[in-house]
Amino acid sequence: MRCSNGLGLKIMATLINYFILIRPKQWLKNVLVFAGIIFGCKFFEIESLINVMLGFISFSLVSSGLYVVNDVIDKEKDSLHPVKNKRPIASGKIKPLSAIPVSLILLIAGVYLSYSINLNFFYCIIIYFIIMISYSFYLKNIAILDALIISAGFVIRAVSGAYIVRVEISPWLLICTFLLALLIAFGKRRNEITVLGDSADSHRKNLKDYSVQILDYYIAITASCSVIAYSLYCISDRTEKAFHTDKLIFTIPFVIYGIFRYLYLLFFKKIGGEPELLLFRDKSLLLDVILWSGTSILIIYKYSLRS
C-alpha cells in the first residue's frame with residue numbers, strides 16, 4: 001500500500017510540474033483576442049463567442065508551447081534567477097528532452113485549432129509563432145527590439161481576435177495595445193535590473209545595454225503616449241460613429257489611474273517582474289480594470305444596440 005501511495009504522489013508531483021511548465025497563469029495575456037468581439041459589438045452572438053473562445057484556447061496552446069521552448073533554451077540562465085530558478089526545467093524537475101515533446105504537442109494542437117477557425121486567424125498564429133520563436137533564439141538579446149517584439153505579440157493577439165469575428169479594430173486601439181504592452185515590457189526589464197543587480201547581464205544578455213535611468217525615460221514616454229493615444233481613440237470621429245456615442249471619454253480616468261497605479265507598484269513596491277500576476281496581487285488595480293471593462297461595455301452596447 002505504501003508503494004502504491006508513493007507512486008501516486010510521484011505521478012501527481014510530475015503532473016503538477018508539467019502543469020507549471022506550460023505557464024497557465026500567462027494565458028491571461030490571451031484575453032486580448034476578445035477585443036474584437038467586444039469592440040465589434042458581437043459579444044452576444046453565440047457563434048462568434050464560441051469561435052473567440054476557441055481562438056483563446058488556440059493562442060494559449062501555442063504560447064504555452066513557445067514558453068516551453070524558451071525555458072529549454074534559457075535553462076542555465078534561469079537557474080541563476082531568484083524566481084525563475086524554481087521553474088521545472090531550470091530546477092531540474094523536468095528534463096529538456098522530456099519537455100520538447102510536450103512543446104510539440106501543444107504547438108501542433110494550437111496551430112491545427114487555429115486552422116479550423118478561419119484562415120486569417122491561422123495566418124496570425126503562424127506569424128506570431130515565427131516572431132516569438134525568433135525572439136526565443138536570438139531577438140531577445142537585442143535591447144529595445146526585444147520590448148518591441150513583445151509588444152507586437154500583443155497587437156497580433158488583438159488583430160487575430162478581430163479576424164475571428166470579421167470586424168475592424170480602430171488603429172487607435174491597436175496603438176494603445178502596443179504602447180501599453182511596451183510600457184509593461186520596459187517595466188519588466190527595469191524590475192529585472194533592480195532585482196538582479198550586477199549579475200543582471202548573466203541572466204539576460206541585453207540587460208547590459210539597459211540602465212535604470214534610460215528605462216525610466218522609456219517608461220515615462222510610453223506611459224504618457226498610452227494615455228494620449230487612448231484619449232484620442234475615445235474622442236475620434238471614427239469611434240463616435242462606430243458606437244454612436246462620445247461617452248467613452250468617461251473611461252479615460254480609469255486608464256489614467258490604472259497606468260499610474262502600475263507605475264506606483266513598479267517604482268515603490270518593486271513589483272513588475274511578473275506583470276501577468278499584478279491584477280491578482282493588487283486589488284486596486286484589479287478593481288480599476290473591472291470598472292474600466294464594465295463601463296466600456298455598458299457604454300458601447302447601450303448606444304450601439306439602440307441604434
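A residue is called buried under 20% relative accessible area, exposed over 50% and partly exposed in between, with a 1.4 Å probe and protein chains only. Keep that in mind as we look at the aromatic residues of this predicted model, where local features need pLDDT of at least 70, side-chain atom pairs count only at pLDDT 80 or more, and totals for chains, interfaces and linings use all residues. Residues are numbered from 1 along each chain as its sequence is written, and side-chain values use heavy atoms, without hydrogens and water.

Searching the whole structure gives 13 aromatic pairs. Rings of Phe, Tyr and Trp (its six-membered ring) pair if their centres lie within 6.5 Å; planes under 30 degrees apart are stacked, over 60 edge-to-face, and the rest tilted. In one pair, F44 and Y301, the ring centres are 5.3 Å apart and the planes stand at 80°, so this pair is edge-to-face. F44 and Y301 are 257 residues apart and link distant parts of the chain. Here are the two partners:

| Residue | Location | Relative accessibility |
|---|---|---|
| F44 | loop between helix 2 (35–39) and helix 3 (46–73) | 60%, exposed |
| Y301 | helix 14 (residues 283–306) | 6%, buried |

Helices here are DSSP runs (H or I, at least four residues), numbered from the N terminus.

Elsewhere, F39, Y230, Y233, F243 and W292 come together in one aromatic cluster. There is also a charge over a ring (CZ of Arg or NZ of Lys within 6 Å of the ring centre and within 35 degrees of the ring normal): R157 lies over the face of F154, 4.9 Å from the ring centre.

Key: Helix = DSSP H or I, 4+ residues; strand = E, 2+ residues; numbered from the N terminus.
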